[in-house]
Amino acid sequence: MGYDNDNIFAKILRGDIPNKTVYEDDFVLAFHDVSPQAPVHVLVIPKGAYVDIADFSARASHTEKAGFFSAVNTIVSELGLNEQGFRTIFNTGDHGGQEVPHMHMHILGGEKLGAMLGHK
Ligand code: AMP
């Protein structure tokens, strides 16, 4: 599947749609999810055009990969999540329930989260 330049996160990266930014650097943008599923619900997206985690794993440079995960460390620290923990999710494709076709990592925390797969 090719990358859709009109997906909502591409529009956020272009500044066409506003976002509540938590963190930004050369590699990532992190912002609050518009429909939070926990007291803390932040999305981290790479600035490059990647459809999902599989696409990013396959095509991103080592520099982009290092940049992404270094930023994750900064973000969870700034959100104060390290001591009590948090959950990260990369929904991918149809079975994964991915709605927006630009790779994103959900960071969820701020309370004890329920079963990993709520509906199962
Ligand atoms: P996923 O189902 O993994 O593709 O997650 C997409 C997430 O993007 C959902 O949790 C949505 O609430 C969130 N979302 C959709 N549009 C926006 C937006 N404009 N700003 C922030 N979060 C958004």
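A polar contact here is a pair of N or O atoms within 3.5 Å. Keep that in mind for the close-ups below, which come from a predicted model.

**View 1. Polar contacts of the ligand.** Start with V34, where a polar backbone atom sits 3.2 Å from a nitrogen atom of the ligand. Side chains join in too: an N or O atom in the side chain of N91 is 2.9 Å from an oxygen atom of the ligand. For H104, an N or O atom of the side chain lies 2.8 Å from a ligand oxygen. How much of the ligand does the protein bury? On its own the ligand exposes 510 Å², and 85% of that is buried by the protein.

**View 2. The shell around the ligand.** Zoom out a little and you'll find 16 residues surrounding the ligand, with D33, N91, E99, H104 and H106 the closest. Sorted by class, that shell holds 7 nonpolar, 7 polar and 2 charged residues.

**View 3. Where the shell comes from.** Two elements to look for are α1 (8-14) and β2 (28-32). Each of them supplies at least two residues of the shell around the ligand. Which element gives the largest share? That's α1, with 3 residues.

**View 4. G2, ahead of the helix.** Now hop to G2, which belongs to the segment before α1 (8-14). Is G2 buried or exposed? G2 counts as exposed because its relative accessibility is 57%, and the cut-off for exposed is over 50%. For a sense of scale, pick out K112 as well: 110 residues separate G2 and K112 in sequence, and their C-alpha atoms are 37 Å apart in space.

Key:
Residues numbered from 1 in each chain as written. Predicted model: local features only at pLDDT ≥ 70, side-chain atom pairs only at ≥ 80, totals over all residues. Heavy atoms only, no water. Helix = DSSP H or I, 4+ residues; strand = E, 2+ residues; numbered from the N terminus. Buried < 20%, exposed > 50% of the residue type's maximum accessible area, 1.4 Å probe, protein only. Near = heavy atom within 4 Å. Polar contact = N/O pair within 3.5 Å; in protein donor to acceptor, adjacent residues only side chain to side chain. Areas by Shrake-Rupley, 256 points an atom, 1.4 Å probe, with all protein chains shown as cover. Nonpolar A, V, L, I, M, F, W, Y, C, P; charged D, E, K, R; others polar.
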